[in-house]
Amino acid sequence: MTESPPAAAFDLVVRNARVITAADEMHCDIGVKDGRIMQMGAGLAGGTREIDAQGRAVTPGGVDAHCHLEEITSGPVRMADDFDTGTRAAACGGTTTVIPFAAQQKGHSLRAAVEEYRQRAAGRAHVDYAFHMIVTDPTPEVLERELPALIAEGFTSFKIYMTYDALKLDDGQILDVLSVARAHGAMAMVHAENAECIAWLTRKLEAAGRTAPRFHAVARPMLVEREATHRAISLAELVDVPILIVHVSGREAVEQIRWARSKGLKIFAETCPQYLFLTSEDLGLDDSYEGAKCVCSPPPRDSANQEVIWDGLNDGLFSVFSSDHAPFRWDGEQGKRPQGQEVAFGRIPNGIPGIETRMPLLWSQGVLAGRMTPQRFVELTSTGPAKAYGLHPRKGCIAIGADADLVIWQEGDFTLTNGMLHHNVDYTPYEGMQFKAWPAMTIARGQVLWDGRHFTPAPGHGQLLACGEPSLLAERARFTHRYRPQCTADDGC
Ligand code: DUC
Ligand code: ZN
Ligand code: ZN
């Protein structure tokens, strides 16, 4: 009788890894069983699959906590990436968890938006995903029933807009939704730009015939972001709730956030690659339409502001570094040239692709260029977002019990072209940029999705994650009033 070989101790062992976490660095093997990290140490027992990391850096898989996939848009415009192509690109760039947005349509229910978005994603995503909600119509039904129930079900963050007609809330509505965040333990993300100032400037510029893409940045100067950031901070202080200001672009908003923190307010912040690697000059120096490729909001600023963002990334101002991937194609009817037309800047779809380049850009130009420690890189791209949105410690760390979401980094200089990318967009704003590294391998819950050359599709491998209470909320803001009208006797404040 022949004996069958002993079962391997692990499904996968990654050997000889230079493991980098938000706090530490260690050389060890990582043993994976049933999609989770089961053991870490030297000389682990065998795995069904063995991967030799050869001493290369291994970081937690990225958590891209701000990306737009298959979101409903107005008019003829459509987002180019869905849950299939968007999560494929994410995986090839080292991201193993994405958090896109289930957007409420004004006049419709928030619950319906979440359910519809759940259907769109089901069985299609290659990496795990959670949803933020976008609250555009805070009716009593939404405030009193839908939002509390959805938060309890694991949708513990939502975005509110201070601009865009189809999305924006007024100050009273913002106070209402922030009160729900406080009472039920959700993280409110704020898009802070002053809608009236933008509308007024846009009218003036268009009346003067200044309609080229570069005037997008003129219509959204830093003061409109500064004013709205200050207002959002004040509204959060009034309600006594932490908030997270998304896609902070430069000095003026940064100053407001530093001021708020100096008062002890719990104001968190996110920034994105476009504020490190693009400037307003990328929107055009003349009236060429090419600059539409880099139209996003807030717009990229200048090189001095890029330095302010680098400082904030390194000194702890920012907790989260996201892509704000908002994919619109260049060619065709549904993207940057709606119905094939070059349109005035105010009608150019806002957003740029970046889900795949987010991690390699920051690893190349931050860590390998000596501008950021590898630990800070992990904090910003993985651990911080997982903590901000209630996914830690399952996501965002390399630790026993965590999901086996891993990136093995390969160093090597190359020039990026869009043809190397896996999104469904026909351009990248980073065309021609020098990179120093790219993921040699991306592993999502123990499964190799990207091996440095090939993507192995795994539709349905990505699962919808229920988020817990964001751990960043654990520290409450300081109380500002003895009498707080938002409190009722039984809401625990
Ligand atoms: N700005 C946003 O607020 N969302 C999508 C993309 C953008 O540029
Ligand atoms: Zn936004
Ligand atoms: Zn966005």
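The crossing of helices α7 and α8 is right-handed, a crossing being so called when the near helix is turned clockwise from the far one, and left-handed when turned anticlockwise by less than a right angle. The model is predicted, with local features requiring pLDDT of at least 70 and side-chain atom pairs pLDDT 80 or more, whereas totals for chains, interfaces and linings use all residues. Residues are numbered from 1 along each chain as its sequence is written, ligands are numbered from 1 in the order in which they are written, and side-chain values use heavy atoms, without hydrogens or water.

The axes of α7 (residues 222-239) and α8 come within 8 Å and cross at roughly 20°, and the two helices are therefore roughly parallel to each other (angles under 35 degrees). Contacts, defined by heavy atoms within 4.5 Å, join residues of α7, including Met222, Leu223 and Ile233, to residues of α8, among them Ile257, Trp259 and Ala260.

The zinc ion (ligand 2) has as its protein donors Lys159 (NZ), His191 (ND1) and His247 (NE2), at 2.1 to 2.2 Å, where donors are N, O and S atoms within 2.8 Å of the metal (3.2 Å for Na, K and Ca). The four donor atoms around this zinc ion subtend angles of 82 to 129°, and the arrangement is therefore irregular, since a tetrahedral assignment for four donors demands that all angles lie between 85 and 135 degrees. Along the chain, the donors follow the spacing K-x31-H-x55-H. Lys159, in strand β11 (residues 157-161), and His247, in the loop between β13 (243-245) and α8 (251-262), are 88 residues apart. Both Lys159 and His247 are buried (under 20% relative accessible area, with a 1.4 Å probe and protein chains only).

Technical notes
Tetrahedral: all angles 85-135°; square planar, octahedral: opposite > 155°, others 65-115°. Helix = DSSP H or I, 4+ residues; strand = E, 2+ residues; numbered from the N terminus. Buried < 20%, exposed > 50% of the residue type's maximum accessible area, 1.4 Å probe, protein only. Axes fitted to C-alpha atoms, helices over the stretch in contact; angles between N-to-C directions. Parallel < 35°, antiparallel > 145°, perpendicular 65-115°, else oblique.
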